[in-house]
Amino acid sequence: MTGFTRRTVLGAGLAAAGAGLLTACSDSMSGMDHSSGGHGTPSTAGYLTPDGAEVAAAEARRRPGPERKVRLTAVETPLDLGGGRTVRSWAYGDDLPGKEVRVTAGDTLALTLANHLPRATSLHWHGLALRNDMDGVPGLTQREIAPGASFDYRFAVAHPGTYWFHPHSGVQQDRGLYAPLVVEDPKEPLAYDKEWVIVLDDWVDGVDGSTPEGVLAELGRGMGGMDHGSGGSGGMDHGSDGMDHGSDGSGGMEGHDMSRMSHTSTTARKAKATPPAEPSGPSRMLMGASSDLLGGDAGDVGYPHYLINGRRPEAPQTFTAKPGDRIRLRIINAGGDTAFRIALGGHRFTVTHTDGFPVRQAEADALLLGMGERIDALVTAGDGAFPLTALAEGKNRTALAVLRTGGGAAPAASVRPRELKGEVLHGGRLKADDSVRLDAKRPDRTIKLRLTGSMAKYDWAINGKAYDPARRHPVRAGERVRLSFVNTTTMWHPMHLHGHTFALADGGARKDTSIVLPGRRLDVDFDADNPGLWMVHCHNVYHSESGMMTVLGYLRK
C-alpha cells in the first residue's frame, strides 16, 4: 500500500469515535481492528492486542499499589514566556511546562485527561514500562481523545526515575503539551538536600504566526534537491569538543562505524499525505547548523526561542538554595528538533541516572541530551548566583536558568559558562549500575532498522517505508531482542522505544532513547517482557510525523 504517516491515521475516522467519555481498557480499543489486513494492508493476524488477556496478566504481575488520582486538562491558553513575550498555545492548564506529576514506584496512577482543545489529542508516558493499552498511541493502542471528551489512564508505575508525558498526536508535542513525571524510589539510595526539575525546550508556536503544523508543512516540501547536511562536517576538527566518539562502538553514542557505506538513501518514495496546514509565519527551515558532537547536521528547525522551564533567557527561572546544598537535577529534553548541551557555571556534574535508570556515577563539565533523553545529576552548590545554560547544539542559541545561593548580580541572558567547552558527557558513554545491568546473553532475535530519508525530500522512514501501524516487526515474549539501528542518512536521530528499556553494548546504560549518529550503527538489547504493540521512532517530532516510525508486535503463543 502507499505509505502514510500518523497524521493520516488520526484523520481516517478515528476522531469521530471519541465522543463522550472514553474510558480505559476495553472502551479505548472498541472499534479498532487488530486482526487482519485488507485492501493491500499488511496482515496483523497473529499479534497480541493492546487490551488482550496477556496485557492484563502482565499488569497484575506488577502488583498495582495505592491509587494516585490526577486530573489534567488540555486547553488553548496564553503562555507567558518571560521578557515581554506572551504567546497563545496549547498546554496542560495554564502552566509551561505542565504541572509535575509525582508518584512513588509501586503506585497506581489514575489520571483523567480532559480534552478542551479544538483537535483530538492523546497522552504518551515517555519511558515508562506500563500496560500497553495505556501507552497513548492513537490508531495503535487507543482511539483518539476527541475535542470535548475525556480519557482515563490507569496503570501501575513499576520503576522509579525521571520521566515525562506528551501527546502522540501529530506535532502537538511541539506546542506546550508536556510535563515532567517523577517516580520516587521508596528506597532512595542517594542523599541530597534539594531537587530541581529542569525541562528544556525549543519554542515556535504562536510566534509571528508560526505553528508546528505550519513548520511541518514547510519542511514537508523538501529542499528542491539540496541535501541538507551532506558534507556538513567537512573541514571541522572532530576532536575539538573533547569527546571520545568511539568509532569502534565501545561506548560512543553512535555505535559501529558505517563510514564505508553509501549515504545515498535507497528509500522508496512514499506517498505524501496532505499536510495539515500550509506554511505559516516566517520560514523556520534551518540551514547550516552543524555540530561535531552530532556528526554534522544539527537540526531542521530554527526556533525563535529556547526555554528552560518555560522561560526565555531574558527572564529566567531562579532556583534558590544554600551554599553547600547537595542538589539533584532531573533534566528532561522536551524539545522537538534540538539537542541541548547544558552546563552550570562554576560547577561540575556527577551523573547518577539516565532515562530513569542508575548508572555508574561519572563526572563532567557539561551534558548532552537529545530529544526525549533524561539525565539526573548531583551538584554541590557554591556561594553566589550561577548560570545554568543550555546551548542549542549547533544552532548557536541558548536557554538560561539561575541557581542563587547568595548575593551578586544575576547572570546576563547571553552568558556562556566556560564549562560548556569542557568535558561533555552523553548517555552513550555511561555504564549501567550493577543493580540494573542486563545479564549477558546472546539475542534470540535481531531486528535491523535502517534509518532512511533526506532533508531534500523530507521522506524520513524506517527500512525505506513510512509508518504504517499494520506493518509490524514480530517478537515473542521471553526473547532477548536486539535492535540494530543503521543510520544511512546524513542526520542524527534520537531513537525511542516504547514500553521497555534497552541496554547499550558492553555493559552500557539502560535507556529508552539513544542518539544514532549519521553513517553509524547502534545495537541495543532488551528483554521482551511487556506484551503488546509498541512504537519505535525517531524523537525528532518532524521526522517521526513524516514517517520515521514503526511497530514491534508481540506474537500470540
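## Exercises on strand pairing and salt bridges

Thr-389 stands opposite Leu-400 in β23. The exercises below all refer to a predicted model.

**Exercise 1.** State which strands pair around Thr-389 and Leu-400, and in what sense.

*Solution.* Begin with the residue pair, in which Leu-400 of β23 is the partner standing opposite Thr-389. Next, place the two positions in their strands: β22 covers residues 385-392 and β23 covers residues 397-404, and these two strands pair in the antiparallel sense over eight bridges.

**Exercise 2.** Describe the sheet that contains β22 and β23, giving the strand order, the edges and the average turn between neighbours.

*Solution.* First write down the order, which is β15-β23-β22-β17-β20-β24, for an open sheet of six strands whose pairing is mixed. Then identify the edge strands, β15 (318-320) and β24 (424-426), each of which pairs on one side only. Finally, with direction ignored, neighbouring strands of this sheet are turned by 25 degrees against each other on average.

**Exercise 3.** Analyse the salt bridge between Arg-330 and Asp-376, working out whether each partner is buried or exposed and which parts of the chain the pair ties together.

*Solution.* The distance comes first: the closest N and O atoms of Arg-330 and Asp-376 are 3.5 Å apart, and this lies within the 4 Å cut-off for a salt bridge. As to location, Arg-330 lies in strand β16 (residues 326-333) and Asp-376 in strand β21 (residues 374-380), so the pair ties together parts that are 46 residues apart in sequence. For accessibility, the cut-off for buried is under 20% relative accessible area; Arg-330, with 2%, is therefore buried, and Asp-376, at 1%, likewise counts as buried. As a last step, place the pair in its surroundings: Arg-330 and Asp-376 belong to a network of salt bridges that also links Glu-100, Arg-102, Glu-184, Glu-188, Glu-195 and Arg-328.

**Exercise 4.** Classify the partners in the salt bridges Arg-348 with Glu-363 and Glu-314 with Arg-312 as buried, partly exposed or exposed.

*Solution.* Take Arg-348 and Glu-363, whose side chains meet at 3.6 Å, N to O. Arg-348 sits in the loop between β17 (340-344) and β18 (349-354), while Glu-363 sits in strand β19 (residues 357-364), so that the pair links distant parts of the chain, 15 residues apart. Arg-348 counts as partly exposed at 36% relative accessibility, and Glu-363 is partly exposed with a relative accessible area of 47%. Turn then to Glu-314 and Arg-312, where the closest N and O atoms are 3.6 Å apart: Glu-314 is partly exposed at 49%, whereas Arg-312 is buried at 12%.

Terms used:
Residues are numbered from 1 along each chain as its sequence is written. This is a predicted model: local features need pLDDT of at least 70, side-chain atom pairs count only at pLDDT 80 or more; totals for chains, interfaces and linings use all residues. Side-chain values use heavy atoms; hydrogens and water are left out. Two strands pair if DSSP finds at least two bridges between them. Helices (H or I, at least four residues) and strands (E, at least two) are DSSP runs, numbered from the N terminus. Axes are lines fitted to C-alpha atoms, for helices over the stretch in contact, and angles run from 0 to 180 degrees between N-to-C directions. Buried means under 20% relative accessible area, exposed over 50%, partly exposed in between (1.4 Å probe, protein chains only).
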